[in-house]
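Biologist: I am new to this one. Can you take me through its side-chain contacts, question by question?

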Amino acid sequence: MEVLRDVLSLDQPKIDQLKATTQNEADNDNPFENYLKDCKFKAPSNQDQSPLTKLKTLQETHSNNEAAISVVIPQLIDYLTQFTDRLSNYTQDLDFIKKKSNELQSLLEYNSTKLADISPMVNDLMIPPELINDIVKGKINESWQDNIAFITDKEQIYDKYRHTDHHDHHEDTKDSTTIAPKDFDKLCQLLDILKNVILERSKRLIISKIKSLRNHHPIPSQRLQTQLLKVQKIFPFIRDNNLSLALELRQAYCYTMKWYYKEYFSRYIRSLTILQFQQIDSQFALGNGLSTTSVSGFSNSSSLFFSNYLTTSATNAFYNKVSVTDEEINRYFQIKKRLNVLTQEDNTVMVSQIAENNTTKNYIEIGFKNLNLAILDNCTVEYLFLKEFFAINDDNHEEINGLLEQIFQPTFDEATEYTQQLIQYNYDIFGVLISIRVANQLQFESERREIPSMFDSFLNGQLIQLWPRFQQLVDFQCESLRKVAITTNVAKYGSSNATNNDPLTSPHELAVQFGKFLISFLTLAITHKLAIDERSEPLYNSIIRLRNDFETVMTKCSKKTKSPERFLTTNYMYLYNNLQQLHLQLNMTDSSTQNYDFNSTENVNTDATDENEDDSGVPLIIRETENHFKTLVEAFTRN
């Protein structure tokens, strides 16, 4: 047994060592686990063991040892061998990883150095796929315009590369950033395709918006313009890349708007035609409505004169007129309430629905102002839109002027025809003069809005119609004065002593009527936005003509009195007092000076004989008329 123990080296220390090893590897599912369990035995005491028991124990131990040697030990050897091989492989892998890491580090440093030169070119030439998709399929709105800016910038950058030979790769090239890549031609083709897509989609958008004005349910032009202004960068892109297409689109817009405004204003003019107007015929003449003249009798005499200015239809309308009262005729010569159309700050245009359903009697200046103000407002809107959206170059004032004239010319023609119909058979001399002042104010307003000259030319065409008609009506009023019956009847109203019928102390009824007429004329004479040369206006000479014909009638009437000089003094003094009151109103009322520049040097009378130098701020026509009657009063008083 001792020999066996020596062979197996199963001394007690080794057995303890084997147990310890087995315990440490128990968790690793070691193949020695079962063997070690079998080796755990308690040595019997010498006192309790018999030789047979010891032999049996030794035999079991010997059997276990042989099993371990034949089964466990080879497996352990294989396991250790495999472990050693794996450890060797892992060591080789770690060496390989370390080597690759060094290579990658070197490559990274190399690429970082190279990309420092290449990345600017990549950023210059790269076109993101998301942007391409947005250009092709995105909705055209304000944010979509960023694509246009991107493509425009890319085109400028690409031009820098196009000017270099991208096939030349000499090593001595100093500026490597300008050398284009080999596939630069394909990038240029892509850029051209994207430009064409933007052009095509922009063209279709503009055409669709223009066509919407001609739909069965057309949209207002202001809404169309608002929609296009939200994407106003598309037209400059079309202009810069395809000028002929840009001109065609703009011309298509002008043709459409020409039709649009013609239709719109045709309907509006029909609405104004339905508007109820105060009928002013030949009965509203100086000398009519007095105690010595009947409406019918006076009208017959005046019609013989004015038939020279009327067509056959107008003459028939003249004889079919409705008689008016003396009070209506005398009330007509006072136009204070009618001046609101010139002084009101609210310049809102009367809409067609109100015009068609308005039962209030209006004068002709209402229709004239609303139509021409509506045209001015639309010209303003159209001018601003053409300037902001369809501009071809920066200095486009004359160009826009031509486009506006092309768009609005049919409208101008219809408005001019409407004005002709409005004044043709009307004897309202104040309405014609107020319309002239409205045209002057609109000219000033168009200049303030910086509207091109085409609208000013249109208003000049309106004035060419109004001034001759005004002159005809002045002739009519002068002829009416010459037809007045020569009497000494004093006014039934308007004097300080209504019960006094003495023609030498009370004003003549014609003087009272002419005074109202003259004050109204002079009030309208100064309703200018800017100072003008008053003598150049037909109104200046017209007042002198009317004044001379009135004085002729007064001279004839004075010869039927006991004291012609006193009669004339009384009547001229009455007119002089009225003019002084008007003078005081001009000096005291701020509202009377808001439409006239009384301090302008153009209004100062430079005549050295003018006695009222302190009143040089008062309009010339008022000063001269006042001085004229003052001179007459002084002359007849001395006599």
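**Charges, rings and core**

Modeller: Start with a count: a search of the whole structure, which is a predicted model, finds 19 salt bridges.

Biologist: Which residue meets E200 in a salt bridge?

Modeller: Look inside helix α7, residues 184–211. Two of its charged residues sit four places apart, about one turn of the helix. E200 is partly exposed at 31% relative accessibility. Its partner is exposed at 56%, and the side chains meet at 2.9 Å, N to O; the partner is R204.

Biologist: How many residues apart are E399 and R250?

Modeller: The two form a salt bridge, with the closest N and O atoms 2.5 Å apart. E399 is partly exposed at 22%, while R250 is buried at 8%. E399 belongs to helix α17 and R250 to helix α10, so this pair links distant parts of the chain. The separation in sequence is 149 residues.

Biologist: Is E365 buried or exposed?

Modeller: E365 forms a salt bridge with R338, the closest N and O atoms being 2.9 Å apart. E365 lies in helix α16 and R338 in the loop between α13 and α14, so the bridge ties together parts 27 residues apart in sequence. R338 is buried at 8% relative accessibility. The cut-off for buried is under 20%, and E365 has 2%, so E365 is buried.

Biologist: Which residues do salt bridges with shared partners join into one network?

Modeller: Side chains of opposite charge can pair when their charged atoms come close. Here salt bridges that share partners build one network. Its members are D377, E445, R448 and R449.

Biologist: Now the rings. What is the angle between the planes of Y253 and F390?

Modeller: A pair of aromatic rings is described by the distance of the centres and the angle of the planes. By this rule there are 29 aromatic pairs. Y253 and F390 lie 5.0 Å centre to centre, and the pair is tilted, at 35 degrees.

Biologist: Where in the chain is F390?

Modeller: Y253 is in helix α10, residues 243–274, and F390 is 137 residues apart from Y253. Both are buried, Y253 at 0% and F390 at 0%. F390 is in the loop between α16 and α17.

Biologist: Which helix holds both Y261 and F265?

Modeller: These two form a tilted aromatic pair, 6.4 Å centre to centre. Y261 is buried at 0%, and F265 is buried at 1%. They are four residues apart, so about one helical turn separates them, in helix α10.

Biologist: Over which ring does the charged end of R214 sit?

Modeller: Two arginines are worth a look here. The charged end of R469 sits over the ring of Y427, 5.9 Å from its centre. For R214 the distance to the ring centre is 4.5 Å, and the ring belongs to W259.

Biologist: Which helix gives the largest share of the largest nonpolar core?

Modeller: That core has 143 residues, and F455, F470 and F521 have the most contacts inside it. F521 touches F470, and also residues including I429, L433 and L546. Ring pairs also link F470 and F521 into a cluster with others, among them W467 and F550. The largest share of the core is 13 residues, from helix α19.

Biologist: How many disulfides does a search of the whole structure find?

Modeller: Two residues to look at are C379 and C557. C379 is buried at 0% relative accessible area, and C557 is buried at 0% too. The number of disulfides found is zero.

Notes. Residues numbered from 1 in each chain as written. Predicted model: local features only at pLDDT ≥ 70, side-chain atom pairs only at ≥ 80, totals over all residues. Heavy atoms only, no water. Disulfide = S-S within 2.5 Å. Buried < 20%, exposed > 50% of the residue type's maximum accessible area, 1.4 Å probe, protein only. Core = buried A, V, L, I, M, F, W, Y, C linked by side-chain atoms within 4.5 Å. Contact = heavy atoms within 4.5 Å. Phe/Tyr/Trp six-rings, centres within 6.5 Å; stacked < 30°, edge-to-face > 60°. Lys NZ or Arg CZ within 6 Å of the ring centre and 35° of its normal. Salt bridge = Lys/Arg side-chain N within 4 Å of Asp/Glu carboxyl O.
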